[in-house]
Structures are given as C-alpha cells and as structure tokens.
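Reader: I would like a close look at one part of this model, with the cut-offs behind each term spelled out. Please take a helix and the strands on either side of it, and then follow the chain to whatever else can be described with care.

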Amino acid sequence: LKALITGAAGFAGRHLIDCLLSQGHAVTAADLQPPAEPYPEGVEALPLDVTDEQACWEVVHAASPDLLLHLAGFAHVAQAEADPRRCLAVNTDGTRHMLNACLDGHAAARFLLISSAEVYGPVLADQLPVTESQPLRPATVYAASKASAEMFVHHAVARGLHGVVARAFN
C-alpha cells in the first residue's frame, strides 16, 4: 500500500507514519514546512502548500497513493478566528484541492479527511453522547471550515472517490 499523508509533520502525522511503516507500507509525507525532526528512513518527503491547487496535483501524481490521509489543516480555533481567510483557504480549499487531485486520474485512491467534533457546535447535556446524526452547527470559523471540507468529501464521493470523514474529539 502506498500512503500519502498531508500534514505529516504534526503530532498525529508522526504516529501515523510509524504505524504505516511498521505494517510495511510505503509512505510519502507532505507538509508546508520540513519537520523539526527528520522523518524515519524510507519516508519520501515532499513540500506541499495545500492552498496551491497545482502543487496538490503535482504531489498526488508524484506519490500516486492508494490511500491519502489528509491531516493538513489550520488547527487552532483562536488562530482561525484571527485569520478566517487563511483558515478557509487551508481547511476548505486545501481539502477541495486534494480531492480534485485524487479524482484527476486517481479515483481508486481512498481519501481520509480528519475533521473535528467542533462541527457540532455547542451540544447540550441532554444531547450527549454525540452521534453522527447530530446536526452540524458550526459556531466558529474553524468549525465552519471543517464542516465545509466535509461537504467537499461528500461531493467527491458522489463523483466516484472513496472518501471517509473522521471527526476527532478532544
């Protein structure tokens, strides 16, 4: 299996790389900045700004993944509120760019978007535990960007891509 991980230099990405390598998979790590610590031996590292649609296409075509794990994103709620345009460009448009690159000749690739429980917005105690049928009520720019990214995954699935959304909870 050939895996491409965007946002690979982040906390979750580093663990995911180790897990995939331990199972014998080939890993390509793509990130805006080089990692603080070098990737393990055997990992191909590619620079990637997900806001650059052409760069997304080039990385997907170079890696030719069976699985694309999209972890890249603007991850801090307060920073998103301070710079909403950048947050939307990274989380929403970046996801759309990666999906379109997969669909352009790589529709066999499986795509995983790491989203956030923030898409549910404030949840009352009597609505717990949260289930996937809970309505989305994003209350921050960050949450709206993730909810929008999720909708682009659904759109890509309707166009033939195998896509999955995982909503992470703190």
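Author: What follows starts from helix α1 and its strands, and then turns to helix α5 and to the cysteines.

The model is a predicted one, in which local features need pLDDT of at least 70 and side-chain atom pairs count only at pLDDT 80 or more, while totals for chains, interfaces and linings use all residues. Residues are numbered from 1 along each chain as its sequence is written, and side-chain values use heavy atoms, with hydrogens and water left out.

Helices (H or I, at least four residues) and strands (E, at least two) are DSSP runs, numbered from the N terminus. Helix α1 covers residues 11-22, and the ends of its 12 residues are 17 Å apart between C-alpha atoms, which agrees with the 16 Å it should span; the expected span of a helix is 1.5 Å times one less than its number of residues. Its buried residues are Gly-13, Ile-17 and Leu-20, where buried means under 20% relative accessible area, exposed over 50%, and partly exposed in between (1.4 Å probe, protein chains only). Viewed down the axis of α1, these buried residues fall within an arc of 75°, so they line one face of the helix, the arc being that of the directions from the helix axis to the C-beta atoms. In general, an α-helix has 3.6 residues a turn, so residues three or four places apart point the same way. The face of α1 turned away from the buried side carries the exposed residues Phe-11 and Ser-22, whereas the cover over its buried residues includes β1 (2-6), β2 (26-31) and β4 (67-70), with contact meaning heavy atoms within 4.5 Å. After α1 comes Gly-24, which has a positive phi near 85°.

Strand β2 is mostly covered, since five of its six residues are buried. It pairs with β1 in the parallel sense over five bridges, two strands counting as paired if DSSP finds at least two bridges between them, and Ile-5 stands opposite Ala-29 in β2. The chain passes from β1 through α1 to β2 in a right-handed β-α-β crossover, which is to say that, with the strands pointing away from the viewer, the path from the first strand over the helix to the second runs clockwise. β2 also pairs in the parallel sense with strand β3 (residues 44-47), over four bridges, and there the bridge partner of Asp-31 is Pro-47 in β3.

Further along, the loop between β5 (110-116) and α5 (141-158) holds Gln-134, which is buried at a relative accessible area of 12% and touches Tyr-120, Val-123 and Gln-127, residues up to four places away in sequence not being counted. Helix α5 has 18 residues and reaches 26 Å from its first C-alpha to its last, close to the 26 Å expected. Its buried residues include Tyr-142, Lys-146 and Val-153, and what covers the buried residues of α5 includes α3 (77-82), α4 (84-103), β5 and β6 (162-168). Ala-158 lies in α5 but counts as exposed, at 69% relative accessibility, and just after the helix Gly-160 takes a positive phi of about 115°.

As for the cysteines, a disulfide is a pair of cysteine sulfur atoms within 2.5 Å, and by this rule the count is zero. The sulfur of Cys-56 is 9.6 Å from the closest cysteine sulfur, in Cys-102, which is too far for a bond. Cys-56 is buried, with a relative accessible area of 0%, whereas Cys-19 is partly exposed at 36%.
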